[in-house]
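Work through the exercises below with the model open. Each task is followed by a stepwise solution.

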Amino acid sequence: MSSSSSRPPQLDNLLKLDGYLWNYQTEICRRYGVFLDYSKRIEECGGWETFTTAYREYGVVVMRDNSVRCLEWAPGAEALSLVGDFNDWNTESHPYKKLEYGKWELIIPADKDGNCPIKHGSIIKVAVKKNGVFHFKLSPWAHYVTRPKETTVYHMPFYNPPESECYRFKHPRPSKPESLRIYEAHVGISSSEGKVNTYKNFANDVIPRIKKQGYNTIQLMAIMEHVYYASFGYQVTSFFAPSSRCGTPEDLKYLVDKAHEAG
């Protein structure tokens, strides 16, 4: 049987539990086959670990010597350029070099003092040229994106906080419990004040209550950035950027650390 028509394990048991799914088993098998096909491709290209940690290589990454390496995958583009406040949005000053397999790369050296050439918090975007016209885009691997109140267009702040502003974890990850007692939560709606809650407030106010009720695991919803808030986080637009509605990536680290402290 080909993967396009593979039968999921335990499907018969599922159909016994929910007879309404009987008429959809062909579609269930088709979708399972699609999953197997993509899983095989991922395994052939380095495996799931490489696939899910691509953000460490792609996007706009600050290197150890404070240079900036930019790597994108845009096989249909005619040209790529990094633009932003740092170069007055000039599409000619920082062009990418085309590599094999649809990749584009740009390396910006550290400045003469050895500092990062782009200021933390300054706005940048990837200019993608198609049909002779540049279009300003967010990198799919952006670590942090924000939306000003006066527009629906998201910005991509260059995220490289100084050492003094970087959060350092203080508590180790707890050992895996023998049985999970999961509390599903949405940071944004966890406030009693009728406003979008923050990572820090959730960490300080909500986590202690979750622990007091006897839970040992927190499942957070709507962490990845999404444009439409009412989608409850399901319409993800930036897979590697925590939602800026609730704070910065450092604030999210604080939340995780407080959860680890609680056990």
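**Exercise 1: An annotated segment**

Over residues 58-142 the chain is 0% helix and 44% strand, and the C-alpha atoms at the two ends lie 9 Å apart. The model is a predicted one.

Task: Find which UniProt annotation covers residues 58-142.

Solution. Step one: look up the record. The UniProt entry, which is unreviewed, gives "domain: Glycoside hydrolase family 13 N-terminal" for residues 58-142. Step two: set the composition beside it. Helix accounts for 0% of that range and strand for 44%.

**Exercise 2: The sheet**

Task: Give the strand order of the open sheet formed by four strands. Then state which strands are the edge strands.

Solution. Step one: read the order, which is E1-E2-E5-E4, with antiparallel pairing. Step two: pick the edges. Strand E1 (59-62) and strand E4 (97-98) each pair on one side only. Step three: inspect E2 and E5. Strand E2 covers residues 68-73 and strand E5 residues 103-108; six bridges join them in the antiparallel sense. Step four: check the register. Cys70 stands opposite Leu106 in E5.

**Exercise 3: The cavity**

Task: State how many cavities of 30 Å³ or more the structure holds. Then sort the lining of the largest cavity by class.

Solution. Step one: count. There is one cavity of 30 Å³ or more. Step two: size. The largest cavity encloses about 30 Å³ of space. Step three: list the lining. It consists of His186, Gly188, Ala222, His226, Tyr229, Ser243, Arg245 and Cys246. Step four: classify. The lining has three nonpolar residues, four polar and one charged.

Key:
Residues are numbered from 1 along each chain as its sequence is written. This is a predicted model: local features need pLDDT of at least 70, side-chain atom pairs count only at pLDDT 80 or more; totals for chains, interfaces and linings use all residues. Side-chain values use heavy atoms; hydrogens and water are left out. Two strands pair if DSSP finds at least two bridges between them. UniProt positions are given in the numbering used here, feature names are shortened, and annotations may be inferred rather than shown by experiment. On a 1 Å grid over the protein atoms alone, a cavity is a set of points where a 1.4 Å probe fits but cannot get out, and a pocket is an open set with protein on both sides within 12 Å along at least five of seven lines; lining residues have an atom within 4 Å of a point. Grid points are joined across faces, edges and corners, and a volume is the space filled by probe spheres set on the points. Ala, Val, Leu, Ile, Met, Phe, Trp, Tyr, Cys and Pro count as nonpolar, Asp, Glu, Lys and Arg as charged, and the others, Gly among them, as polar.
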